[in-house]
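Welcome, and please open the structure in your viewer. We will go from the whole chain to a few places worth selecting.

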Amino acid sequence: MTATIDPSGATGSPEGEQPTRETSAVGAPVVRATPADDGFWVEPAATGDAEPSSQASDVDGTVARDAHDFGVYARTGGWAFALKVARSVRPGGQPAGETPKISAKRFAELAGCSPERVMRYYKAWDKAADDGLVPHFEILVPGQEVALPDSDAWLAYYTARTSAASERGQAIAASAEAEGIRPTKALEVAENPTALRAAILADPATARAARAALLDRLREDPVLQTELARDVARTDGLKKAVATESRVADHIGYVRQIVEKGQVKTPAGQTIDVPAELRAQAERHLSLIDELDDGEEAGPWAAEAYDTVKELVARTVDADPDLRLRERRTKFYSSLQRATKVFEELTLDDVEDLDDLYEDDMLQRLEELQTAVGSCIAVLRGAAPPQQA
């Protein structure tokens with residue numbers, strides 16, 4: 001496509017200027033204006049797919065020019081304005097006396113924008129020239145028209161923000177492309193965390209998207225994991241919510257283990273194979289939980305499944321005399337081990353002054369414990385099988 005653009009920008013012409021209409025080699029309308037207005041360029045924000053409208057005698061000339069300029073920009077996008085920079089700004093290292101072109105700083109002053117913005121267009125054109133899409137700066141002269149690429153190719157070369165050139169910006173841009181969105185959108189959000197915070201606070205959908213992204217980030221960021229865990233532990237409401245959800249997860253895990261492994265732990269801690277009835281009940285409850293929508297509360301369903309399965313486990317143990325005996329023995333051993341460990345931690349070896357430590361209640365409790373232990377020993381000795389001579 002060949003387009004001749006008013007050097008003052010596609011947003012209109014200064015008062016008194018009389019652009020003329022022509023037709024390019026490919027039949028596209030063009031606009032010519034005096035080069036003296038090169039300095040008054042403003043980047044437009046409009047984009048679209050509109051085609052230039054035909055001449056109409058009943059349309060105001062200013063309106064017709066706006067419609068035409070809009071059509072040019074819709075077809076070429078930022079290339080139309082990058083061309084203004086490419087043909088008017090001299091390449092680095094070229095002395096001012098050798099060309100009518102001006103520096104990027106001077107061009108920005110005339111345009112009423114920052115030199116950084118001018119250089120972003122400059123760099124976009126330079127990259128495209130290296131790829132053979134457009135001519136290099138050196139062969140362009142002020143006012144020259146060239147065939148411009150389609151607007152779809154513009155975003156592949158133009159970096160709307162200087163932050164995109166940094167390592168951080170490149171990472172954000174790469175992530176945005178992987179998600180199928182324009183890098184400029186992601187960079188804009190990254191440069192304005194306050195706006196992101198406001199959107200999260202005001203919009204539940206944005207908050208859910210932020211939560212999902214944060215969870216994805218946590219999998220690969222140990223530092224963020226630690227920071228978030230610390231924040232949760234220090235916030236009473238969150239700490240309580242985490243404890244509740246952990247209990248729900250434990251209940252679901254208990255039921256899922258029965259379904260997937262066909263085994264379950266009894267209250268005393270021994271692992272047994274589950275009967276078919278118990279496994280069928282677990283499968284039914286687990287299927288109901290797995291079918292819940294993301295927004296539905298799983299807590300009540302998990303509690304019901306856990307209580308039902310746990311009751312069936314208890315019935316299974318009671319229905320089998322041998323299993324019931326093993327359960328009692330396992331429970332006794334478990335209690336004995338806990339009591340032994342606790343008592344072993346009671347030591348007076350490192351106490352220098354027993355007079356300050358002593359209390360009557362301590363001695364009384366130890367004596368009661370001694371009596372209870374003696375009773376247990378006597379009962380067990382009575383139940384022991386007779387010793388063979």
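Before the first selections, one convention helps: helix axes are lines fitted to C-alpha atoms over the stretch in contact, and angles run from 0 to 180 degrees between N-to-C directions. Please also keep in mind that this is a predicted model.

**The whole protein**

Start with a cartoon view. The protein has 15 helices and 4 strands. Now colour by burial: of the 389 residues, 28% are buried. Switch on a surface, and the accessible area is about 25,700 Å², with 53% of that belonging to carbon and sulfur atoms. If you like contact maps, take the contacts between residues at least 6 apart in sequence: 60% of these join residues at least 24 apart.

**Stop 1: helices H7 and H8**

Select residues 193-202 for helix H7 and 204-218 for helix H8. Two packed helices are described by the angle between their axes and the distance between the axes. Here the angle is about 115° and the axes are 5 Å apart. Next, show side chains where the two helices meet. On the H7 side you will find Ala199, Ile200 and Ala202, and on the H8 side Pro204, Thr206, Ala207 and Ala210. Sorted by class, this contact between H7 and H8 holds 6 nonpolar residues, 1 polar residue and no charged ones.

**Stop 2: helix H3**

Move to residues 104-111, helix H3, and pick out Ala104, Phe107, Ala108 and Ala111, which are its buried residues. Look down the helix axis: these residues cover an arc of only 100°, so they sit on the same side of H3. What do the buried residues of H3 pack against? Add helix H2 (79-88) and helix H4 (115-130) to the view, and you have the partners. Before leaving, click on Gly112 just after H3, where phi is positive, at about 75°.

**Stop 3: aromatic pairs around helix H4**

Now display the aromatic rings. A search of the whole structure finds 5 aromatic pairs. Select Tyr121 and Trp154: their ring centres are 5.5 Å apart and their planes are at 35°, so this pair counts as tilted. The pair links distant parts of the chain, with Tyr121 in helix H4 and Trp154 in the loop between H4 and helix H5 (167-179), 33 residues apart. Are these two residues buried or exposed? Burial here means under 20% relative accessible area. Tyr121 counts as buried because its relative accessibility is 1%, and Trp154 also counts as buried, at 7%.

Next, select Tyr122 and Phe137. This aromatic pair is stacked, with 4.1 Å from centre to centre and 10° between the planes. Tyr122 lies in helix H4 and Phe137 in the loop between H4 and H5, 15 residues apart, so this pair too links distant parts of the chain. Tyr122 is buried, with a relative accessible area of 11%, and Phe137 is buried at 3%.

To finish this stop, select Trp79, Tyr121, Trp125 and Trp154 together: ring pairs link these residues into a cluster.

**Stop 4: Phe332**

For the last stop, go to helix H13 (residues 321-344) and select Phe332 within that helix. With a relative accessible area of 42%, Phe332 is partly exposed. Finally, add Ala268 and draw a C-alpha to C-alpha distance to Phe332: it comes to 8.6 Å, while the two residues are 64 apart in sequence.

Methods:
Residues numbered from 1 in each chain as written. Predicted model: local features only at pLDDT ≥ 70, side-chain atom pairs only at ≥ 80, totals over all residues. Heavy atoms only, no water. Contact = heavy atoms within 4.5 Å. Nonpolar A, V, L, I, M, F, W, Y, C, P; charged D, E, K, R; others polar. Buried < 20%, exposed > 50% of the residue type's maximum accessible area, 1.4 Å probe, protein only. Areas by Shrake-Rupley, 256 points an atom, 1.4 Å probe, with all protein chains shown as cover. Arc of directions from axis to C-beta. Phe/Tyr/Trp six-rings, centres within 6.5 Å; stacked < 30°, edge-to-face > 60°.
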